[in-house]
Amino acid sequence: MIIAVMNYSGNVGKSMVARHLLAPRLGDASVISIESINADDNDGPTMRGSEFGSLQEKLLALDDAVVDIGASNVEDLVNRMKSYSGSHEDFDMFVVPTVPDAKQERDTLATIKALSDEIGIERERIRVVLNMVDPRDALRSKFASLFAFHDEHRGFVLREEASIHENELFGKLANSPITIGDLLADATDYKAMIREAQTSEQKTELARKVAMRRLAVGVNAQLDSVFAALMR
Ligand SMILES: Nc1ncnc2c1ncn2[C@@H]1O[C@H](COP(=O)(O)OP(=O)(O)OP(=O)(O)O)[C@@H](O)[C@H]1O
Ligand SMILES: [Mg+2]
């Protein structure tokens with residue numbers, strides 16, 4: 001399955017959703033970051049025609065992939081999907097993460113309108129992930145304008161169960177190559193190492209690793225159920 005993760009807004013968790021929610025549950029699919037495609041050229045953060053062409057080629061050759069589309073590239077991608085008739089068919093699904101914040105919510109509606117009304121992508125292929133949710137909050141009031149828009153528009157999938165809690169683990173992993181899978185697979189006996197550690201700095205560092213692994217277990221279970229709710 002080829003999934004695009006996009007939102008006109010930055011900082012809604014597109015990269016987190018691509019890397020930690022979707023890729024590991026699509027047979028360890030590769031994550032293609034549109035931002036990184038641009039990292040080497042000096043033309044600024046917009047996608048050029050040749051890059052869109054090479055993205056299309058890449059996707060046609062892959063069974064599973066997650067394409068993480070940086071906020072500054074969304075407009076360009078939408079325009080190209082409008083002009084290259086049928087190119088949106090390269091994606092099986094468009095996942096739109098959003099967070100409870102007025103500006104991000106407006107951008108989320110604009111993203112959904114572009115996909116649905118401008119490009120003509122069907123309801124089942126556009127799915128929202130509610131991100132950075134406080135478990136004590138009522139989702140319908142936190143994301144009031146999004147739910148109101150959904151009630152009248154109906155052209156996309158919005159499910160309360162597809163919501164990811166705010167968790168410090170994501171920030172800790174954001175600039176590191178370590179995945180949640182790596183943390184779960186780490187069988188090191190840190191408690192034994194803590195007993196043998198010589199300095200308090202070493203003990204603190206090891207205790208931090210124990211804490212990360214404990215966080216990862218809970219987050220992984222939550223992401224499993226979010227993925228199931230998103231894909232059902
Ligand atoms: N559920 C969450 N709980 C806590 N922190 C989160 C959560 N989701 C994302 N973050 C953090 O918020 C920041 C923004 O997330 P991320 O980089 O995934 O967003 P993005 O939409 O890809 O941003 P950009 O548009 O800049 O590419 C990161 O530091 C990330 O670790
Ligand atoms: Mg990103």
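**Ligand 1 and its surroundings**

Student: In this predicted model, how many residues surround ligand 1?

Tutor: A residue is counted if one of its heavy atoms lies within 4 Å of the ligand. The closest are K14, S15, M16, N131 and N167. The full count around ligand 1 is 17 residues.

Student: How do the residues of this shell divide into nonpolar, polar and charged?

Tutor: Three of the shell residues are charged and six are nonpolar. The polar ones number eight.

Student: Which residue has a polar backbone atom 2.9 Å from a nitrogen atom of ligand 1?

Tutor: Polar contacts are counted within 3.5 Å. A backbone N or O atom of G13 is 3.1 Å from a ligand oxygen atom, and a polar backbone atom of F170 is 3.1 Å from an oxygen atom of the ligand. The contact to the ligand nitrogen atom, at 2.9 Å, is made by N167.

Student: Where does ligand 1 lie with respect to domain 1 and domain 2?

Tutor: Ligand 1 sits in the largest pocket. Elements giving two or more residues to its shell are α1 (14–22), β5 (126–133), β6 (163–165) and α8 (168–174). Because domain 1 (2–166) and domain 2 (168–232) both contribute shell residues, ligand 1 lies between them.

Key:
Residues numbered from 1 in each chain as written. Chains lettered and ligands numbered in written order. Predicted model: local features only at pLDDT ≥ 70, side-chain atom pairs only at ≥ 80, totals over all residues. Heavy atoms only, no water. Polar contact = N/O pair within 3.5 Å; in protein donor to acceptor, adjacent residues only side chain to side chain. 1 Å grid on protein atoms, 1.4 Å probe; cavity = no way out; pocket = protein on both sides within 12 Å on 5 of 7 lines; lining within 4 Å. Sits in = over half its atoms within 2 Å of the grid points. Helix = DSSP H or I, 4+ residues; strand = E, 2+ residues; numbered from the N terminus. Nonpolar A, V, L, I, M, F, W, Y, C, P; charged D, E, K, R; others polar. Domains from an automatic or database assignment.
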